[in-house]
Amino acid sequence: MKATVRHKRGAKAWLLLLVVLILNAGCGGKSTEEYSEESVNGNGRGKLCVYLYGDFSESKAKMICKELKNYFPEVELMEGRLALPEEGYVPNRNRYRGTALLNDLKKYRNGNVVLGLTDKVICTSNEISSTFGIMGVSYLNSGLCVSSSIIPKSGKKQTDENFIKLTLHELGHAYGLPHCPDQKCYMVDAEHRMKFPHTTGFCEKCSAYLKSAGVTPD
Ligand SMILES: [Zn+2]
Ligand SMILES: [Zn+2]
């Protein structure tokens, strides 16, 4: 399912979007939900604004931003920190609903693309569990995404390299890229497995999309 973009100035684009989720050991679960928001393919793409939740490490965030600048020309690490949305907290699992963070980030969109970084476990509801641990979440083509540095199963931090790949994957979704069949592409659907260590970059097709959409420079 692909989002159809009907963006008009002054009017909201109403889109049915695929919610794309990185699952426990990668990306695999999908669910659909109504989502209405200004699409990134409209007028409002702007810059890439990076927000930190809670006490996410600033030095790590700076390292991530530096890497993101290889793909997205205008990256800004935003001042201050965001509080994790209380309404998304699941106390008996000590984790946060990914969609609650995405909905929270909508407030900061303002025509830009928004990435939230957290070191809390995030989760989604799927056929396996109502609080299934995931590492990243985005609404396709929404300009909104979240990535978590924590592997839900072990509670341990991902390697920096995998965290960067995960973040690029989520940003790909946020800018409109669906999953890609190329197993070496950052946009691979990990299908409950950890595939990021084997990915090497955005494949030719995904790179071409990002260029043609005006996201990455030629
Ligand atoms: Zn994905
Ligand atoms: Zn690809």
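A residue is counted as buried if 20 or more other C-beta atoms lie within 10 Å of its own. The legends below refer to a predicted model.

**Figure 1. Overall composition of the predicted protein.** Of the 218 residues in the protein, 44% are buried. The secondary structure comprises four helices and ten strands, which follow one another from the N terminus in the order β-β-β-α-β-β-β-α-β-β-β-β-α-α. Among the contacts with a separation of 6 or more, 65% are made by residues 24 or more positions apart.

**Figure 2. Confidence along the chain and the N-terminal segments of low pLDDT.** The average pLDDT of the protein is 84, and 80% of the residues score at least 70. Over residues 1–19 the pLDDT stays under 50, and the model holds 39 contacts beyond four places in sequence for this segment. Residues 22–36 likewise stay under a pLDDT of 50, with 61 contacts beyond four places in sequence. Where pLDDT is low, predicted coordinates should not be read in detail.

**Figure 3. Strand 7 and its parallel partners, strand 3 and strand 10.** Strand 7 spans residues 113–118, and six of its six residues are buried. Val113, Leu115 and Leu117 are buried on one side, while Val114, Gly116 and Thr118 are buried on the other. In a regular strand, side chains alternate between the two faces of the sheet. Strand 3 (residues 48–53) runs parallel to strand 7 and is joined to it by five bridges; within this pair, Cys49 stands opposite Val114. Five bridges also join strand 7 to strand 10 (residues 144–148), again in the parallel sense, with Leu115 placed opposite Cys145.

**Figure 4. Strand 9 between its antiparallel partners, strand 8 and strand 10.** Strand 9 covers residues 132–139, and eight of its eight residues are buried. Its pairing with strand 8 (residues 122–124) is antiparallel and involves three bridges; here Thr124 stands opposite Phe132. Three bridges join strand 9 to strand 10, also in the antiparallel sense, and Val137 of strand 9 faces Val146 of strand 10 across this pairing. The two strands form a hairpin with four residues between them, and Asn141 in the turn has a positive phi of about 65 degrees.

**Figure 5. Helix 3 and the residue that follows its end.** Helix 3 consists of 15 residues, 160–174, and reaches 21 Å from its first C-alpha to its last, close to the 21 Å expected at 1.5 Å a residue. Twelve of the 15 residues are buried. The buried set includes nonpolar residues such as Phe163, Ile164 and Leu168, together with Lys165, His169, Glu170 and His173. Just after the helix, Gly176 adopts a positive phi of about 110 degrees.

**Figure 6. Surroundings of Met187 in the largest nonpolar core.** This core has 50 residues, and those with the most contacts inside it are Ile122 and Met187. Nonpolar side chains tend to be buried together in soluble globular proteins. Apart from neighbours within four places in sequence, Met187 is in contact with His169, Gly172, Leu177, His179, Cys180, Phe202 and Cys206. Two of these partners, His169 and Gly172, are among the buried residues of helix 3.

Terms used: Residues are numbered from 1 along each chain as its sequence is written. Chains are lettered from A and ligands numbered from 1 in the order in which they are written. Two strands pair if DSSP finds at least two bridges between them. A nonpolar core is a set of buried Ala, Val, Leu, Ile, Met, Phe, Trp, Tyr and Cys residues joined through C-beta atoms within 7 Å. Two residues are in contact if their C-beta atoms, placed from the backbone, lie within 7 Å. pLDDT is the predictor's confidence in each residue, from 0 to 100. The expected span of a helix is 1.5 Å times one less than its number of residues.
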